[in-house]
Amino acid sequence: MTPSTPPSSADLQRFLDIATEAAQAGGAVLQRYFGQLTSLEEKGRQGDLVTNADKESEAVILAAMARHLPGHAILAEESGQSADAASNDYLWAIDPLDGTTNYAHQYPFYAVSVGLLFRGQPVVAVVFAPFFQELFQAVRGLGAWRDRQPIQVSTTPSLAQSLLATGFAYDRHQTDDNNYAEFHRLTHLTQGVRRGGSAALDLAFVACGRLDGYWERGLAPWDLAAGILLVQEAGGQVSAYDQGPFELASGRVLATNGAIHPALSQALVETRPLGDPDQYRLA
Ligand code: IPD
Ligand code: CA
Ligand code: CA
């Protein structure tokens with residue numbers, strides 16, 4: 001199916017309902033296995049884990065999609081992309097368990113992330129945190145909600161007053177572009193930098209004002225598709241590190257409340273490799 005007209009508000013609302021049902025079904029699977037995993041494997045890269053819960057969550061989400069939206073293409077972390085992913089206007093980017101490392105350690109910060117892209121642009125977002133039973137939703141042009149109440153980004157005006165989050169990709173052992181220097185420097189320049197361990201939930205926390213900003217590299221479309229729409233629809237700003245246009249395929253994102261965007265961008269762009277002591281001096 002390749003529709004030529006963009007989805008109407010009614011279409012988007014229907015897609016949101018389906019995404020919500022699917023994410024909550026996946027979340028129920030995660031809750032059932034929380035603390036009682038039956039399988040835990042590394043996927044290849046050091047520390048990149050997959051469990052039976054990731055796989056079963058994905059299976060129930062894909063079943064819901066196939067039942068309600070058989071014409072839509074899918075890009076899902078554990079099973080890959082459907083054959084028509086490149087040609088279909090609609091692509092669902094699905095992470096059935098964002099925060100697998102947390103989950104495997106019974107640390108309750110994890111989520112299901114379901115995002116719908118229309119011609120590459122996120123239009124529907126659901127991030128569901130099953131342990132907290134917290135539901136984040138957004139629709140392009142219509143707003144963002146937590147537990148069905150409208151949400152907005154924070155009004156924190158400066159980097160010095162801000163609380164941020166970031167993360168470290170699984171390839172951090174193989175690359176110098178590992179975010180360690182940025183983390184070190186921003187810890188120094190702000191009230192704190194958290195390493196939540198779930199990119200989708202970090203972005204949802206920016207959207208609802210619990211965090212003022214978030215940056216990370218090495219992410220996949222299924223980590224980002226829903227979360228960036230949450231931030232945008234909650235009034236925040238999403239870009240590349242240098243404030244250029246955000247590219248889903250780059251895996252790199254800067255998402256903030258807008259007010260601290262230029263300062264955080266500048267700090268990231270100007271960060272020098274670890275070992276240069278000048279950058280850690282207080283201004
Ligand atoms: C990971 C989480 C983590 C981020 C990693 C992601 P996963 O996803 O979002 O916060 O730092 O880069 O890969 O593997 O738990 O789905
Ligand atoms: Ca993920
Ligand atoms: Ca995952």
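1. Let's start with the pocket. In this predicted model, the largest pocket holds about 510 Å³ of space. It has 30 lining residues, and those closest to its centre are Asp-98, Phe-168, Tyr-170, Gly-197 and Asp-223. If you want to find the pocket by element, look at S5, helix H3 (100-104), H5 and H6, which each give two or more residues to the lining.

2. Two of those central names come back at a metal site. Which residues hold the calcium ion (ligand 2)? Its protein donors are Asp-95, Asp-98 and Asp-223, each through an OD atom, and they lie 2.1 to 2.2 Å from the ion. Along the chain, these donors follow the spacing D-x2-D-x124-D. That long gap shows up in the fold too: Asp-95 sits in strand S5 (residues 90-98) and Asp-223 in helix H6 (residues 221-233), 128 residues apart, so distant parts of the chain are linked here. Both Asp-95 and Asp-223 are buried.

3. Now look next door, at the calcium ion (ligand 3). Its donors are Glu-77 (OE), two OD atoms of Asp-95, and the O of Leu-97, at 2.2 to 3.1 Å. Their spacing along the chain reads E-x17-D-x1-L. Glu-77 comes from the loop between strand S3 (73-76) and strand S4 (80-81), while Leu-97 belongs to strand S5, 20 residues apart.

4. Are these two donors buried or exposed? Glu-77 counts as partly exposed because its relative accessibility is 21%, and the cut-off for buried is under 20%. Leu-97, at 1%, counts as buried.

5. Asp-95 deserves a second look. It coordinates both calcium ions, ligand 2 and ligand 3, which are 3.7 Å apart.

6. On to the sheet. Five strands make an open sheet with mixed pairing, in the order S12-S11-S13-S15-S14. Why do S12 (192-195) and S14 (237-239) have a side without a neighbour in the sheet? They stand at the edges and have a single partner strand each, so one side of each is left free of a neighbour there. On average, neighbouring strands are turned by 20° against each other, ignoring direction.

7. Zoom in on one pair: S11 (residues 163-166) and S13 (residues 213-216) run in the parallel sense, joined over 2 bridges. Here Leu-164 stands opposite Gly-213 in S13.

8. Finally, check the helices on this sheet. H5 (residues 199-207) touches S11, S13 and S15 (253-256), and its direction makes about 155° with that of S13. H7 (residues 261-270) touches S11, S13, S14 and S15, at about 150° to the direction of S15.

Terms used. Residues numbered from 1 in each chain as written. Chains lettered and ligands numbered in written order. Predicted model: local features only at pLDDT ≥ 70, side-chain atom pairs only at ≥ 80, totals over all residues. Heavy atoms only, no water. Pairing = 2+ DSSP bridges. Helix = DSSP H or I, 4+ residues; strand = E, 2+ residues; numbered from the N terminus. Axes fitted to C-alpha atoms, helices over the stretch in contact; angles between N-to-C directions. Contact = heavy atoms within 4.5 Å. Donors = N, O, S within 2.8 Å, 3.2 Å for Na, K, Ca; no water. Buried < 20%, exposed > 50% of the residue type's maximum accessible area, 1.4 Å probe, protein only. 1 Å grid on protein atoms, 1.4 Å probe; cavity = no way out; pocket = protein on both sides within 12 Å on 5 of 7 lines; lining within 4 Å. Points joined across faces, edges and corners; volume = space filled by probe spheres on them.
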